[in-house]
Amino acid sequence: MLKIHVLGAAAGGGFPQWNCNCLHCTAIRSGSPDYRARTQSSIVVSGNHTDWLLFNASPDILQQLRAFPALQPGRTLRDTAIRAIFLIDAQIDHTTGLYMLREHREPLQIWCHALVREDLTHGNPIFNLLRHYCGVQWHDVPLHGEGFAIPAVPGIGFDALPLISNAPPYSPHRDRPQPGDNVGVTLTDQQTGKKLFYAPGLGQMEPHVWAAMQAADCVLVDGTLWSDDEMIALGASRKTSRAMGHLPLSGPGGMLEWLEQLPRRTRKVLIHINNTNPILNERSPERQELTRRGIEVSYDGMEIEL
């Protein structure tokens, strides 16, 4: 049975964000029961509940590992159940945690697209730095329907597809993303055929992305911002949600419209929630709207089994 464990459900900065005094961050610091703290976005998956694949290594990785004992089985003096790491992009909030894993006894088995490897070798040269510690063994992630396996994580088939989102500020592709800068992934349980589609950063719906979502039994997708101008209205940014590479939840062509069209059997879960998003308030009208539509909001420690 394919098992997904959410290590972190927040967007970059976490919730509450260290320097943010928005309504939601202020409320949770004040002890409001209507909010739940979240660390930065990351999940682990396993087909046998013993060998785990880490999707993205957030700055909160050490806290997240402590919170999920299955990742520290304690079979030897130095041990981990994380057998490989999959980076969906080169964003700093998805890669900084690699520094924290430098004590690994063997090279980190990292799967990512060649463009992500390029950014992590030049713009943000974390791969170069890790050569002085455990090292990195890089595996290319094929696109365009070329399914593949990750031998260290048996029982799961993978199919990566390019997404239109955005490359990090240190990438030469910033604001003009190329196929491979950001990917979504379909995970298939090879025993049951059940499928998960995972895309925490999704800026535009394309036919191949929509087809993957329709074919999935569960979608775990971008829920960063409620509205396209959310950050602008708060004075937190000059960019819209779409300009940052995230499809807003509400409004014409927003994520909610797309999720509404999925088959009734599809489980719909949002991840990568920004600290300004009103769905973090479990009593808000926006959260009630999600409940009415049968859409879940992920949280740290959430588990999904397919």
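**Exercise 1.** In this predicted model, determine whether N56 is buried or exposed, and describe its surroundings.

*Solution.* Begin with the relative accessible area of N56, which is 0%. Since the cut-off for a buried residue is under 20%, N56 is therefore classed as buried. Next, locate the residue along the chain: N56 sits in the loop that lies between β3 (52-55) and α2 (61-66). Finally, list its contacts, setting aside neighbours within four places in sequence, and N56 is found to touch S41, S42, F86, L87, I88, H94 and Y198.

**Exercise 2.** Work out the strand order of the open sheet of 7 strands, and then examine how β1 is joined to β2.

*Solution.* Reading across the sheet gives the order β6-β5-β4-β3-β2-β1-β14, and the pairing is mixed. The edge strands are β6 (136-140) and β14 (303-305), each of which pairs on one side only, while the twist from one strand to the next averages 25°. Turning to a single pair, β1 (residues 3-8) and β2 (residues 42-46) run antiparallel and are joined by 5 bridges; within β2, I43 is the bridge partner of V6.

**Exercise 3.** Identify which residues have the most contacts inside the largest nonpolar core, and find which element gives the most to this core.

*Solution.* The largest nonpolar core comprises 35 residues, and F197, M213, V221, L259 and L270 have the most contacts inside it. Several elements supply at least two residues each, including α1 (23-29), β10 (195-199) and α8 (255-260), but α6 gives the most, with 4 residues. A second, separate core holds 33 residues, among them A9, L143, F148 and L306.

Terms used: Residues numbered from 1 in each chain as written. Predicted model: local features only at pLDDT ≥ 70, side-chain atom pairs only at ≥ 80, totals over all residues. Heavy atoms only, no water. Core = buried A, V, L, I, M, F, W, Y, C linked by side-chain atoms within 4.5 Å. Buried < 20%, exposed > 50% of the residue type's maximum accessible area, 1.4 Å probe, protein only. Contact = heavy atoms within 4.5 Å. Pairing = 2+ DSSP bridges. Axes fitted to C-alpha atoms, helices over the stretch in contact; angles between N-to-C directions.
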